[in-house]
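Subject: A structure for you to explore

Hi,

Here is the structure I promised you. Have a look around it first, and then read on for what turned up in it.

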Amino acid sequence: MTRNSGIRPPRPLIAAAVVSACLALIPLFYLIVRVASAGPEKILSSLLRARTWETTLTSVSLMVVVVVGCLIIAIPAAALLTRTNLPGRRLWLTALALPLAIPSYVAAYAWLAQFPAMSGFWAAALILIAVSYPYVLLPVAAALRTTDPAIEEVARSLGRSPFAAFQNNNSPQAMPAAAAGSLLVGLYVLSDFGAVSLFRVDAFTRVIFASYRASFDRTSAAVLASILVILALILVFAERKVRGKSLQYRSASGTQRMAVLTQLTTRGRLLGWGFVTTVIAIAIVVPVASLLIRLVEGSRRQLDVMELFQATVSSAGAAAGGAVIAVALALPIGLLTARYRSKWSTGTESAAFAGHALPGVVIGLSLVFLTINAIPVLYQTLFTLAFAYAVLFLPKSIGATRTSVAAVPPILEHTARTLGRNPFSAWTNTTLRLAWPGIAAGGLLVLLTAMKELPATLMLRPTGFDTLATELWSRTEIAAYGAAAPYALALIALAAVPAFALSLAMSKGQPEQMEDQQAPTQLDTVST
Amino acid sequence: MTNVQVKGLTAGYGGPPILKDLNLSVDSGEFVAVLGSSGSGKTTLLRVLAGFLIPTKGTVAFGDHQVSGPGVWVPPEKRRVGIVPQEGALFPHLDVQKNVGFGLDKSPASKDRITEVLTMVGMNDFAEARPQELSGGQQQRVALARALAPRPDVLLLDEPFSALDAGLRTTLRTEVRELLTALGTTSILVTHDQEEALSIADKVAVMRNGQLVQMSEPSALYQDPTDIETARFVGDSVELSATYTGGDSVHTSLGSLRIRGDIPANTEAVTAVLRPEQLVMVDPRPVGGSLAPGGLGKVHGITYHGHDSLVHVTLTSGESIAVRVPGESTVSLGENVRVIPTGPASVYAN
C-alpha cells in the first residue's frame, strides 16, 4: 500500500496544506480583488476599449501561428527521427531539444544583435517557434517510439495498407501527445514577455507591463491581466485533460519491441538531413553564433567582471529564497497528495497548480498592487520577489515532493512508531529522511529556473537590485548588444540543467514521469 | 507476559466496515496464526492491533491495559508491540545494527542488546551490512531482531515469509517458531497460507468477511472445521452427501461413517466431509462374498505433488472425490477401484 487509502489525514497536515494553497492563491485572489474594486463601470469601459480587443487578437493570433509552426516542424521531425533509418537519429533528436535551454528573450536578443532591423509580429513568431517546438517534438517522439509494433502488425495482417496501419496505430498515441504539446506551446506564447517586448509586439504581457510602467491606468492593466489568466486557465485545464487521455492508450506492461523502421532512399536521407539542419540552424546555430560574435566584439571593450559576478550572486540569492519558500509550501501539499487520496489533497494540489496559469507578468502586477496598497513594508523587497518565484514554480516543487514521498513505503514510518518513536520523530527519521534528496533536487530545479526569470523580477526587485536577466534586459533595451552577451551566455548555462531534466522526462515518455515532471516544468521558460 | 483481548471490534477505511464485531482472545505467550484469504480483513486486524488504524467500535486490551476502546486510543509508540512487516521493510538508509537499535535508547546497554538479538536470529556477523546487501531471508531475520530488541509485549508478524522461496520459508518458519516459543512472547502472525498457519502456530484463527469463524489448535481445525467453507479453506476436502442414520453415524456412498463432534440439527440431508488421507483404495473385486466396505469408482485424474499424489475418483454415485497416496500413485487412469474410508467424518447441514 503506498497510500493510506481511506484514512483521514492528520489535521495539522491538512491545515498546513490549506495554508500553503491559500498563500499560492494570493496573487490570483488579489488580482480579482483589484479588478472588482474598480467597479463595473470602469471594468466595462476597459473591456470595451479597442486596445483591449486588439491586444487579445494579437496574442491569440501569435499563439495560433506559433502552435501551427511548431506542429509543422515537430511532427515530421518526430516521425523522421523515430520511425526511419536516418543516420544519427539519436544525436539529431538531442540537438533538436537544445532550444529548451534558450530563454525566449535570450534568443530574441541574439537575433536582434545580428539583425537589428527585426521587429514585429512575424519576427516574434519565428523566435517563439524556434524556442518552443521541442514541447511538441519530444512528447510526440516519445509516443511514436513507445508504440507497440505488434498492433501495427496486427492491423496489416487484417488487410490494412502500411500507411493506414501506421495511422491506425499511431494516431491514438501521437495525437494526444501533439495536442498536449501544442497547449503547452500556447501557454508559453501567452506568458512570454521577453520576445514580444523586444520585437515590440503588443501582446498581453507587453501591454500589461507598459500600462503598469505608465502607472496612470492600472485598472486596465488588471483587466487585461484577468483576460490573460482566463485564457491561460483554459489552456491549463485542456492540457491536463488531454494528457490524461493520452496515458490511457499506453499498453500496460511487457517489454515492447522497437518499431520497424522505414528505410530511406538516398534522396530521402538528404531531404531529412536538410530538414533537421535547417531547424537546428535557425533555432541554435544563429543565436549561439550571434552571441559568440558579440562576446568576442565585446571583449575588446572592458568586461565588467565584478558586475557579472554581482548579478549572478543577486540572481542566485533571490532564487534561493524562492526555492526555500517553494519547498516549504510544497512539503505539506506533496505529502498530502502522496499519502492520502481525499478531497483535501486534490483541492490543495489544484489550487497550487493554478500557478501554472499565472504568467510572471501577472504575478508581478498582482504583488505590486498588494504590497503598495496593503503591506507597503514589503513593496520592492527581496522577500516579495522570492515569494513571487515560489508561487511561479511551486508546481515543480510539489511534483518533486510528491514523487519522492510516494517512493517511500508508509510501513517504514509505521514500523518506526511501533519502535517507540512519536509521530514527528518517526516521520523525520523515515519518510522525510528518505524523500529529502528528491525534495532538495526539486528545490534546486526551482532555484535554477528562478534565476532566469525576467518580468516578475523587473516589476518586484528592490531598486538597484540587478539579476542576470535584468542586466541583459537593460543592455538590450539600449542596444548595447556586446555588453549583454556574457549575461546571455550565463543564462543559457543556467537554463541547461532544468532543460536537461525536462527533456529527459519528456523523452522517456513514462506516464508517471510525464505526470510529475512535465507538468511542473511546463512553465520553466514561460516565465522568462 | 501479556494476553490479547479483542472484543466487538468494528473497523474500516471510511466505506463499509472491513472488520465486523470481531472477537479474539490470545493467551499470554501463545503463538496464534490468523488465517484468511485476501480481503478477509486479517491485515486490517493487524493494523488495528498495532495502532495504525483507529477502530470505529469495540475494545482491544493488552494484558491489563486497554489500548483501544470508547474514548481510549493508545498510539503505536506506547503500545509495546513489535511488528515484522512483509518483506522486512528495513530502513534502507541504516545498517543492520542501526536498524535493530532504532527502537532502543543510546545507552551502552543498548549495544549489548543489539548484539544479543542479532545473535538470536543468527545475524551478528552482518551487523554492519546495509539492508540492500542482504538476501530476503536475512532481511526478515533482521526485521525480527529489530522488532524484538525493545522486548515488546506482543509481536505482530505480517506474512513475513510469503516473499521467500519454498525451502527457505520452511527453515525460517521453524527457527522463528522455536525462538518465539523460547522467549515466550505473545505472537500473532497473519497469513493466507494454510500450510504455514497449521505448521507454525499453537492456535489458528480463521477469518472470513471480517469475522473470526473458528479458532482451534491446528489439528482440531484441520480435522473438525466449524463449517464447510472452513473445511475447504484449510485443506483438500472430500464432500459426500449423507443421511443421518441414528446414533453417531451417517450413510454415504462410501457406506456408513462415524460422526466426529456434534450431531447436526437438521438430520435429513447433510454433507459429510473427510480428508483425502482418510481414504484408501483397494482392489475392487469382492472378497469372500461378504459385504465389502466403502464404494466403487473409477480413476479419472491423478495430480502428482512429489511427496504425495491426489487420485481423483468418480464414484458410482457420480460424486467426485480425492484420495491421497504417499509418493507416486499406485493406480492408473481409468482403473476401477474400491475406496474405503478410515476414521470419522465432520457433518454439516446443507
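Let's begin in chain B, where B:Leu310 stands opposite B:Arg324 in strand S19. Please keep in mind throughout that this is a predicted model.

**A run of antiparallel strands in chain B**

B:Leu310 belongs to a pairing between strand S18 (residues 308-315) and S19 (residues 320-326) of chain B, which is antiparallel and has 7 bridges. Between these two strands there are 4 residues, and in this hairpin B:Gly318 has a positive phi near 95°.

S18(B) also pairs with strand S17 (residues 295-304) of chain B, again antiparallel, through 7 bridges. Two pairs to look for here are B:Thr303 opposite B:Leu310 and B:Val299, whose bridge partner in S18(B) is B:Val313. S17(B) and S18(B) make a hairpin too, with 3 residues between them, and B:Gly306 in the turn shows a positive phi of about 95°.

Which strand does S17(B) join through 4 bridges? That is strand S20 (residues 336-341) of chain B, and the two run antiparallel. One pair to find there is B:Gly297 with its partner B:Val337.

As you follow any of these strands, here is a handy rule: in a regular strand, side chains alternate between the two faces of the sheet.

**The mixed sheet in chain B**

Now move to another part of chain B, where 6 strands form an open sheet in the order S7-S8-S9-S3-S10-S11, with mixed pairing. Strands S7 (81-84) and S11 (211-216) of chain B each have a single partner strand, so they stand at the edges and one side of each is left without a neighbour in the sheet. From one strand to the next, the twist averages 20°.

Within this sheet, strand S3 (residues 31-35) and strand S10 (residues 203-208) of chain B pair in the parallel sense, with 4 bridges. B:Ala33 is the residue that stands opposite B:Val204 in S10(B).

Two helices to look at next lie across strands of this sheet. Helix H1 (residues 42-50) of chain B lies across S3, S7, S8, S9 and S10 of chain B, and runs at about 150° to S8(B). Helix H4 (residues 136-148) of chain B lies across S7 and S8 of chain B, at about 175° to S7(B).

**The two domains of chain B**

Chain B is divided into domain 1 (4-228) and domain 2 (238-349). How far apart do the C-alpha centres of these domains lie? The distance between them is 39 Å. Where the domains touch, 5 residues of domain 1 of chain B are in contact with 6 residues of domain 2 of chain B. The domain 1 side of that contact has 2 nonpolar, 1 polar and 2 charged residues.

**Over to chain A**

Chain A has 23 helices and 0 strands. It has 528 residues, of which 53% count as buried. Among its contacts with a separation of 6 or more, 83% are between residues 24 or more positions apart.

A good residue to zoom in on is A:Leu336, which sits in helix H14 (residues 305-339) of chain A. Is A:Leu336 buried or exposed? It counts as buried because 30 C-beta neighbours lie inside 10 Å, and the cut-off for buried is 20 or more. Leaving aside neighbours within four places in sequence, A:Leu336 is in contact with residues including A:Pro9, A:Leu13 and A:Trp344. A:Val405 is 69 residues from A:Leu336 in sequence, while their C-alpha atoms are 9.6 Å apart in space.

For a pair of helices, try H15 (residues 343-353) and H17 (residues 382-406) of chain A, whose axes come within 8 Å and cross at roughly 140°. That angle makes H15(A) oblique to H17(A). A:Glu349, A:Ala352 and A:Phe353 of H15(A) meet A:Leu394, A:Pro395 and A:Ile398 of H17(A). By class, this contact has 5 nonpolar residues, no polar and 1 charged.

**Where the chains meet**

Finally, the contact between the chains takes 18 residues from chain A and 20 residues from chain B. On the chain A side, helix H18 (410-418) and helix H19 (423-450) are the elements that give two or more residues. H18(A) gives the most, with 7 residues. The chain A side divides into 7 nonpolar, 8 polar and 3 charged residues.

Enjoy exploring!

Technical notes
Residues are numbered from 1 along each chain as its sequence is written. Chains are lettered from A and ligands numbered from 1 in the order in which they are written. This is a predicted model: local features need pLDDT of at least 70, side-chain atom pairs count only at pLDDT 80 or more; totals for chains, interfaces and linings use all residues. A residue is buried if 20 or more other C-beta atoms lie within 10 Å of its own, exposed if 12 or fewer, and partly exposed in between; C-beta atoms are placed from the backbone. Two residues are in contact if their C-beta atoms, placed from the backbone, lie within 7 Å. Ala, Val, Leu, Ile, Met, Phe, Trp, Tyr, Cys and Pro count as nonpolar, Asp, Glu, Lys and Arg as charged, and the others, Gly among them, as polar. Domain bounds come from an automatic or database domain assignment. Two strands pair if DSSP finds at least two bridges between them. Axes are lines fitted to C-alpha atoms, for helices over the stretch in contact, and angles run from 0 to 180 degrees between N-to-C directions. Angles under 35 degrees count as roughly parallel, over 145 as roughly antiparallel, 65 to 115 as roughly perpendicular and the rest as oblique.
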